[in-house]
Amino acid sequence: MLESIPFMKTSKNQKKFACPVSVKDLILPCFVIEGTRRKEPIRSMPGISRFTVDLLSKEISQARRLGIRSVILFGVCSRRHRNETGEYAYSPNSIVARAVAAIKDIFSDVCVMTDICLCAYMSHGHCGIVKKGSRHIDVKATLEALSKMAVTHARAGADWVAPSAMTHRQVRTLRRALDRYGFKKTKILGYSAKFASNFYGPFRDAADSAPQFGDRSGYQLHYADSKQALREIADDIQEGAAMVMVKPALSYLDILKEARLKHPFPLAAYNVSGEYAMVKQGAKAGFWDEKKMVFEILSSIKRAGADKIITYHAKDAAGWLKA
Ligand code: PBG
């Protein structure tokens, strides 16, 4: 029997359980808006803002100084550029294409990923093109638009494209389109196991992309459906993804772990907006210590098997890791 138990870990023990997360694992999500010299704080995501292309480089420069080397860009399209076909998503002048070019121009060592989805470019907010007079996504038309979007971003210099529209065969279609246009080196991050989640609320506020009718349960996974999630991961690997993802992270650590055990393949997790907002609100209310909470969360995602973590905590975590 132990005679006494320390009330705190000794420093030796603490070393044994050093934080498994490194700054190289973190991917910073950035929201890009039209115009110049504007930074708009996002109400539902304290500490996160939308940036015009010119100010985004400042944000990325700060992140880079903290050691972050990967970002994923989300375009927030103004209402006047939205319609029912989403052409602006693949315009060479779109905010994301311009942002990619600007970032790669200034920071050649920063890996730039882009989100490939139509929701922020559609008047109705769905992730694909809706068949006229129906409640269905037109798969062929949607895949065509997503392919054009991926090629446009690759042409602007994106290192990775990340299709998140949950359209059937999107990874295969994008891989073929990229190869056909000579972008064999542009990699695909599949949002493979993307659940229809309540945790996306703050993101939809940030990107103004909430669907105007229906929800996304027709094309995103049900939270109870682990079998389908694992099938989607296997499919994306087959279809040519260079990394697969589970999203959200925290309520889906079991899926992440299963994917890790099944596939010796690069694996990412998306620590989404709602997960971030909860931590921030709780810290603001004095319920917990934000830094300790963030380390516990990021460590759990790593422990479950993620190689990379997309997280809004990236800058804070990088700063704390450095300190
Ligand atoms: C686009 C997209 C969404 C998120 C990432 N890409 C929203 C959605 O599917 O509704 C959510 C990310 C987050 O909540 O942080 N389809």
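**Close-up views: core and ligand site**

**View 1. Leu 56 and the residues around it.** In this predicted model, Leu 56 touches Cys 30, Val 32, Phe 51, Leu 73, Ala 99 and Ile 103, not counting neighbours within four places in sequence. Zoom out a bit and you're in the largest nonpolar core, which has 81 residues. Leu 56 and Leu 73 are the ones with the most contacts inside that core.

**View 2. A second nonpolar core.** There's also a separate core, this one made of 27 residues. Among them are Phe 31, Met 113, Trp 160 and Ala 162.

**View 3. The ligand and its surroundings.** Here 19 residues surround the ligand, and the closest are Arg 204, Arg 216, Lys 247, Ser 273 and Tyr 312. As for where the ligand sits, the space it takes up is the largest cavity.

**View 4. Polar contacts to ligand oxygens.** Arg 204 puts a polar side-chain atom 2.6 Å from an oxygen atom of the ligand. For Ser 273, a polar side-chain atom is likewise 2.6 Å from a ligand oxygen, while for Lys 194 the distance is 2.8 Å. How much of the ligand does the protein bury? On its own the ligand exposes 400 Å², and the protein buries 100% of that.

How values were computed. Residues are numbered from 1 along each chain as its sequence is written. This is a predicted model: local features need pLDDT of at least 70, side-chain atom pairs count only at pLDDT 80 or more; totals for chains, interfaces and linings use all residues. Side-chain values use heavy atoms; hydrogens and water are left out. A nonpolar core is a set of buried Ala, Val, Leu, Ile, Met, Phe, Trp, Tyr and Cys residues joined through side-chain atoms within 4.5 Å. Buried means under 20% relative accessible area, exposed over 50%, partly exposed in between (1.4 Å probe, protein chains only). Contact means heavy atoms within 4.5 Å. A residue is near a molecule or strand if one of its heavy atoms lies within 4 Å of it. A polar contact is a pair of N or O atoms within 3.5 Å; within protein, one must be able to donate a hydrogen and the other to accept it, and residues adjacent in sequence count only if both atoms are side-chain atoms. Accessible areas come from the Shrake-Rupley method with a 1.4 Å probe; for residues, only the protein chains shown count as cover. On a 1 Å grid over the protein atoms alone, a cavity is a set of points where a 1.4 Å probe fits but cannot get out, and a pocket is an open set with protein on both sides within 12 Å along at least five of seven lines; lining residues have an atom within 4 Å of a point. A molecule sits in a cavity or pocket if more than half of its atoms lie within 2 Å of its grid points.
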